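Reader: I am new to this structure and would like to learn how to read it feature by feature. Could you show it to me, and then take my questions in turn?

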Amino acid sequence: MITINSCGHDSHHPVPCNIEHRDGLPDYLILLIKRESWMVLENRLCPVHPNALILFPPHTYIHYGCDTAGYNDDWIHFETDGEDLAFFQGLGLPLCRILYPFDFHRLSEYVRMMSDLYHSSSAHKEEMLNSFMHIFLYSLQEESEKKMASAICQKYYPEFSRLRTQIYNDPAAARTVPRLAASLCLSLSYFQHLYKQFFGISCQQDMIEARLKLAKYYLTNSSMSVSALALFCGYENDLHFMRQFKKFTGMTPTEYRRLYIRRLPSL
């Protein structure tokens, strides 16, 4: 079985950070890094750009950080035993190497689901997390082997990936699809075509998803009023926010907050 010892999604550091584990950690660590940062590998300071992933084995020196506020990552601490140790080793995943997965956001979404499950009170949590980790590791292997198949991907994907990271790091910013297309010197129709081709979702829908994701987080992790949250998430008024939230989630912000509170495990 693959056991998740701890995990987290969209972990934000409000101040610059400098994290060092001289003797490493007792388990494996996967980091999905979403902000410009740095890392020490083989006694060398290496820049880390958004949408990076790195896998550390147990008892390996780890040193990374960010010189500005707002460092953001996903992380998984896990260990393997028995047959799954052989399974993991057989994947041949690169260790202590900075990777830039083609579909970083899919991997990040897997971590979000695992984090939600990890903090739940499900009776089958360990078995489900084990299954999720197999899916995640298979996907990571595919990503580590994947080559950009065309000149179009090689030319445009890095810029689109950085743009998408900006959307999710700052969902409340005022953006329009035509302005984003112009920022990459592309026609509106070609920009929209490439965005959907790369990420399987339209840019407009992705911007909405990013705002709603932010709203869901603060609905369940703060006492911020709906009106204040609407402004915080970039909506001009709370009515538009409430209508859009209900359209895409099937419930009002207040209903969503109440539902989550009812599902919290008792302490």
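Reader: Let me begin with a single residue: is Asp10 buried, partly exposed or exposed?

Author: Please keep in mind throughout that this is a predicted model. The general idea is to look at the relative accessible area, where buried means under 20% and exposed means over 50%, with partly exposed in between. Asp10 has a relative accessible area of 21%, so this residue is partly exposed. Asp10 belongs to strand β1, which covers residues 2-13.

Reader: What is notable about the phi of Asp10?

Author: As a general idea, most residues other than glycine have a negative phi. Asp10 is not a glycine, and yet its phi is positive, at about 55°. Cys96 is another residue other than glycine with a positive phi, in this case near 55°. Cys96 sits in the loop between α1 (83-91) and α2 (104-118), and with a relative accessibility of 26% it counts as partly exposed.

Reader: How many disulfides does the structure hold?

Author: In general, a disulfide is a covalent bond between the sulfur atoms of two cysteines. The structure holds zero disulfides.

Reader: Why is there no bond between the sulfur atoms of Cys17 and Cys66?

Author: For a pair to count as a disulfide, the two cysteine sulfur atoms must lie within 2.5 Å. The cysteine sulfur closest to that of Cys17 belongs to Cys66, but the distance is 5.6 Å, and therefore too far for a bond. Seen from Cys66, the closest cysteine sulfur is that of Cys17, again at 5.6 Å. Cys17 is buried, at 9% relative accessibility, and Cys66 is buried too, at 3%.

Reader: In what order do the strands of the open sheet lie?

Author: To read a sheet, one follows its strands from one edge to the other and notes the sense of each pairing. Here four strands form an open sheet in the order β2-β7-β4-β5, with antiparallel pairing. The edges are formed by β2 (17-21) and β5 (44-48), each of which pairs on one side only. From one strand to the next, the twist averages 20°.

Reader: How many bridges join β2 and β7?

Author: The pairing of β2 with strand β7, residues 62-66, is antiparallel and runs over five bridges. Within this pairing, His21 has Ile62 of β7 as its bridge partner.

Reader: Which residues does Glu143 contact, leaving aside its neighbours within four places in sequence?

Author: The idea here is to look past the neighbours along the chain and ask what else lies against a residue. With those neighbours left aside, Glu143 is in contact with Pro101, Phe102, Asp103, Arg106 and Leu107. Although Glu143 and Phe102 are 41 residues apart in sequence, their C-alpha atoms are 6.2 Å apart in space. Glu143 is part of helix α3 (residues 125-145), and with a relative accessible area of 6% it is buried.

Reader: What radius of gyration does the protein have, and with what value does it agree?

Author: One compares the radius of gyration with the value that a compact globule would have at this number of residues. For 267 residues that value is near 18 Å, and the protein has 20 Å, which agrees. The C-alpha trace spans about 55 × 55 × 35 Å along its principal axes. The protein has ten helices and eight strands, and 44% of its residues count as buried. Among contacts with a separation of 6 or more, 74% come from residues 24 or more positions apart.

Technical notes
Residues are numbered from 1 along each chain as its sequence is written. This is a predicted model: local features need pLDDT of at least 70, side-chain atom pairs count only at pLDDT 80 or more; totals for chains, interfaces and linings use all residues. Side-chain values use heavy atoms; hydrogens and water are left out. Two strands pair if DSSP finds at least two bridges between them. Helices (H or I, at least four residues) and strands (E, at least two) are DSSP runs, numbered from the N terminus. Axes are lines fitted to C-alpha atoms, for helices over the stretch in contact, and angles run from 0 to 180 degrees between N-to-C directions. Buried means under 20% relative accessible area, exposed over 50%, partly exposed in between (1.4 Å probe, protein chains only). The radius of gyration is taken over C-alpha atoms; the globule rule is 2.2 Å times the number of residues to the power 0.38. Contact means heavy atoms within 4.5 Å.
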